[in-house]
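Colleague: Before I rely on the terms used for this model, I should like to see each of them justified. Please set the values beside the criteria.

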Amino acid sequence: MINALSEGLGRADQSGSPAGANNRDWIIQSVESMLRQALPTLIVVGRQTSTYFNEACRQLVMPNSALQGGGLATVAPSLATQLSSAMEAAWAGCAGVTEDIQLHVDRSEGSRETWVTAAVTPVGRDDQIHAVLCVFRDITEEKRLRQRLATAETTLDALTTLAPLFLWRLDTRGVVRWMNERCQTYFGVTLAQAREEGWIGWLHPSERSRIVADWGRAVTLATPFESRHRLLGSDGVYRWFALRALPQFNAQGDLVEWHSAALEVVDAAPEVERHRLLWTADAASFSRHFLNVGPSCGWPDNLRAPLSWDAQLASVSADQRSAYRDAMEGLAAGRSVEVRYEIRNAEGQRFDVEDTAFPLVETDGSINRFIGESRVRRQAAAKVVMIDPARRGCNLRKVLESHGLEVEVCDKAKRRVRGRSDIGLVIYCSNSTVVDILGMAEAVRSELPDIPMVVLGDPLASPHDIITLHEAGVLDVLSYASNDQAQALSVMPHIDLFLNNNILELPSRPTKQALSRLSPRELEILEQAVIGGTSKTIGRMLGISPRTVDYHRGKALDKLGVKAVTQAVDLFTPPPALLHRRY
């Protein structure tokens, strides 16, 4: 190939002068080392009259029929066309790079698509260009990866737009990096505004402290975050969402960002309040000493005293004891643990518990104590009041208790249970007369207002009587002739309805009565205050002075028996209705 190059240079320089011979020898010596390197290299001599290339270049961009010394347009027409601009610039003395050159190279197995980048450099001296050197880089695989990446990004953009999810990415500090379009539309913010203002303002005031504390714990431990809470939309309405955030780590195991998704929960329950209990445990006996016990949590019993290992196992659900025991053994082996389980206290109340614990390793490597946190959440429950003077509903009571319901039997509606928010249903075992049922319905409505009622009996009732019973608050009339299991199956839907409604933390009956004591102006001002309105903004909206707003707000708080607006937030929780999407 070098000899052919020498002949080509000779044809390009017809003068035969000693200077031309020196130039030819210099070019040959300079280019010889370039052609012998592994990089695909091509040299064009004499204004594209002769083209020379090494074996790597032949394998990459040249067809099988290409011969040394031919013109570039003859040897590789497609390559010559795409390099024409760079070649003209090179013959004018300017080096350059031509990217994304697409070639279809003929091979014995067929045509092969190849993508290359060419670095074009003029070769000469004494202000005279004698040849042009082209070095190629194969970018075929890189090009394919780019195309696949572009396709994946297009697909991902379409999915994030179509999916009924709020998606966002957060950095390690919790600052928003990216949000999908649906999320920005719901909150009514741009990505720049979300980065600047943060996401704390989207949370419901009554849940803000809990969520921030749980999020801080997840960030500290780099563990997944899950929550169910309300988010404020651009229309000023709070809606329930189930949210999950996962930490993302790099190859070195360092936390780099968080990926989060939220799905609107339609007509479902929010997350029940958790009680956070800190404790230490002895490594030898596993007995726990709780550090921040208060009267608000009902489990475990007598927490101010150490809770022994046997008492712990006894309270844990039977099917979860082995997992609980394995977790504690892992803690004793020096590993941090996270375990979830269900427990029941002495009163039969059920709780969901999440434990996070760490061993305290001494300087000599021994482990004498553990430290941990238990997040205790009471499971939703409903009590059934059975008014049974003749004790005809004993079998039904047993069936309901087997379903996990608490049944209180009494002879009449009792004043002492008035206002109990855990009462979900009243069952009256009647003497099967309409007059008797109506009399008890009136008593229940007086002593237990707003509590639904189901009647056991076989009254001879006309259609008009049936309508009268329903207007009196009787949901259903069950026959004594039905078996106990059928009666229980008829009662359970009414209990489920209570749970679905009550678990949304709606205002309790005493709360509704307290709200009824407020004047229309006081109620209007307090409603605006709990959603964040200030005295000035409320006064401007209602056309009154800020001092008047303060006066009515203070009177409303006094009537409700609370000291701050934040304590009255839950009184205005919207009723459980299907939430209409407005985004």
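**The open sheet and the nonpolar core**

Modeller: In this predicted model, five strands form an open, antiparallel sheet, ordered β7-β6-β10-β9-β8.

Colleague: What makes β7 and β8 the edge strands?

Modeller: β7 (176-179) and β8 (225-232) each pair on one side only. The average turn between neighbouring strands of this sheet is 25 degrees, direction ignored.

Colleague: How do you know that β6 and β7 pair?

Modeller: Pairing requires at least two bridges. Strand β6 (residues 166-171) and β7 share three bridges in the antiparallel sense, and therefore the criterion is met. Tryptophan 168, for its part, has methionine 179 in β7 as its bridge partner.

Colleague: Which strands does helix α9 lie across?

Modeller: Helix α9 (residues 208-221) lies across β6, β8, β9 (238-249) and β10 (255-264), and runs at about 145 degrees to β8.

Colleague: Why is the largest set of 27 residues called a nonpolar core?

Modeller: The name applies because such residues are buried, belong to the listed nonpolar types and are joined through side-chain atoms within 4.5 Å. Leu42, Val61, Met62, Leu79, Leu83, Cys134 and Phe136 have the most contacts inside this core. Elements supplying at least two residues each include β1 (41-45), α3 (55-60) and β5 (128-138). The largest share, seven residues, comes from α5.

Colleague: Which residues does phenylalanine 136 touch?

Modeller: Leaving aside residues up to four places away in sequence, phenylalanine 136 touches Pro40, Leu42, Cys57, Leu60, Val61, Leu79, Leu83, Val116, Thr117 and Ala118.

Technical notes:
Residues are numbered from 1 along each chain as its sequence is written. This is a predicted model: local features need pLDDT of at least 70, side-chain atom pairs count only at pLDDT 80 or more; totals for chains, interfaces and linings use all residues. Side-chain values use heavy atoms; hydrogens and water are left out. Buried means under 20% relative accessible area, exposed over 50%, partly exposed in between (1.4 Å probe, protein chains only). Helices (H or I, at least four residues) and strands (E, at least two) are DSSP runs, numbered from the N terminus. Contact means heavy atoms within 4.5 Å. Axes are lines fitted to C-alpha atoms, for helices over the stretch in contact, and angles run from 0 to 180 degrees between N-to-C directions.
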